[in-house]
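Thanks for coming, everyone. Let me put the chain on the screen, and then we'll walk through it.

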Amino acid sequence: MNDKTKVETKESKALRLFKRITAIPYLLVIVALLMPLANVSCNDDKVIASPNVYELASGLNLETELQEPALGMLKKMEAGNPATIEKFRLTMPNFPLMEPMPALYALLIGALLAAVFAWFTPLGSIAIGMLTMVSMGAFYAKLAELIANMGVPLLSVEPGIGYNAATILIFIGTAMNLAVIIRPIVVELKARRAAKKSVKDKG
């Protein structure tokens with residue numbers, strides 16, 4: 001085995017290893033979604049709820065999810081202002097129970113598929129990863145709309161640490177997949193230039 005073959009073997013092994021670890025960021029997305037997808041705050045910026053994807057997918061009970069002072073306010077409204085509760089039910093029919101969003105499990109499936117595809121087709125992995133990120137943004141927007149439609153102007157919704165972490169991890173996975181795609185092209189171009197230079201030197 002000559003030196004050139006040894007170098008090519010080392011490069012191919014390194015590329016295969018890199019291709020395998022490209023799946024890691026996508027698998028970490030599943031872990032990131034254990035953290036809050038969104039933070040619901042009062043006007044004083046105090047976080048009163050921070051549900052993650054798994055909680056939203058299975059359905060939330062606001063009486064157990066909400067933190068003070070929002071929980072105390074909710075109890076007072078239930079006791080002294082039932083008309084407001086009925087208004088909430090126009091947006092959330094089973095208030096204080098939030099309807100399950102089982103479609104959110106698609107985010108977990110998408111992250112898993114992106115990880116698996118990273119071993120076989122980086123381009124497919126990029127496509128699934130980006131689709132997962134777009135879907136996550138759509139679900140976040142839907143949650144923000146739901147909160148806004150409740151008609152409580154003091155409430156605001158911001159992306160949670162889980163949302164931000166999952167987005168960053170998908171971008172990392174995308175960058176790694178692009179590196180897997182581009183690296184062989186760069187190696188091939190270098191090999192062609194070297195071959196041309198060798199022909200010229202001999203000539």
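What does the accessible surface of the chain come to, and how much of it belongs to carbon and sulfur atoms? About 12,000 Å², with 66% belonging to carbon and sulfur atoms. Those areas come from the Shrake-Rupley method with a 1.4 Å probe, and for residues only the protein chains shown count as cover.

Some ground rules. This is a predicted model, in which local features need pLDDT of at least 70 and side-chain atom pairs count only at pLDDT 80 or more, while totals for chains, interfaces and linings use all residues. Residues are numbered from 1 along each chain as its sequence is written, and side-chain values use heavy atoms, with hydrogens and water left out.

Now the layout. The chain has nine helices and five strands. Helices here are DSSP runs of H or I with at least four residues, strands are runs of E with at least two, and both are numbered from the N terminus. Along the sequence the pattern reads α-α-β-β-α-β-α-α-α-β-α-α-β-α.

How many of the 203 residues are buried? The share is 36%. Buried means under 20% relative accessible area, exposed means over 50%, and partly exposed is in between, with a 1.4 Å probe and protein chains only. As for contacts, meaning heavy atoms within 4.5 Å, take those between residues at least 6 apart in sequence. Of these, 67% join residues at least 24 apart.

Next, the strands. Look at β1, residues 38-41. Ala38 and Val40 point one way. Asn39 and Ser41 point the other way, and all are buried. β1 pairs with β5 in the antiparallel sense, over four bridges. Two strands pair if DSSP finds at least two bridges between them. Valine 40 has valine 157 of β5 as its bridge partner. β1 also pairs with β2, residues 47-49, again antiparallel, over two bridges. There, serine 41 is bridged to valine 47.

Stay with β2 for a moment. Isoleucine 48 is in this strand. It counts as buried because its relative accessibility is 2%. Its C-alpha atom is 8.2 Å from that of glutamate 65, 17 residues apart along the chain.

Now follow β5 to its end. Which residue is found in the loop between β5 (156-159) and α9 (161-202)? Glycine 160. At 0% relative accessibility, glycine 160 is buried. Its C-alpha atom is 4.0 Å from that of alanine 38, although the two are 122 residues apart along the chain. Leaving out residues up to four places away in sequence, glycine 160 touches Pro36, Leu37, Ala38 and Asn39.

Step into α9 and you meet glycine 162. This glycine 162 is also at 0% relative accessible area, so it is buried. With the same sequence neighbours left out, glycine 162 touches Ala32, Leu33, Met35 and Pro36. Further along α9 is asparagine 177. Is asparagine 177 buried or exposed? Buried, because its relative accessibility is 0%. Asparagine 177 touches Thr22, Tyr26, Ala118, Pro122, Ser125 and Ile126, not counting residues up to four places away.

On to the core. A nonpolar core is a set of buried Ala, Val, Leu, Ile, Met, Phe, Trp, Tyr and Cys residues joined through side-chain atoms within 4.5 Å. The largest one has 38 residues. Val29, Leu33, Leu56, Met98, Leu104, Leu107 and Met136 touch the most other members. Two or more residues each come from α2 (23-32), β1, β2, α3 (53-58), α7, α8 (122-149) and α9. The largest share is from α8, with eight residues. In soluble globular proteins, nonpolar side chains tend to be buried together.

Zoom in on leucine 56. Beyond four places in sequence, leucine 56 contacts Leu37, Pro51, Met98, Glu99, Pro100, Met101, Leu104 and Leu143.

In α3 there is also serine 58. Serine 58 counts as partly exposed because its relative accessible area is 45%. Serine 58 touches Pro100 and Tyr105, not counting residues up to four places away.

Last stop, α7. Where are its buried residues? They are Leu107, Leu108, Gly110, Ala111, Ala114 and Ala115. They cover an arc of only 160 degrees around the axis, which puts them on the same side of α7. That arc is taken from the directions from the helix axis to the C-beta atoms.
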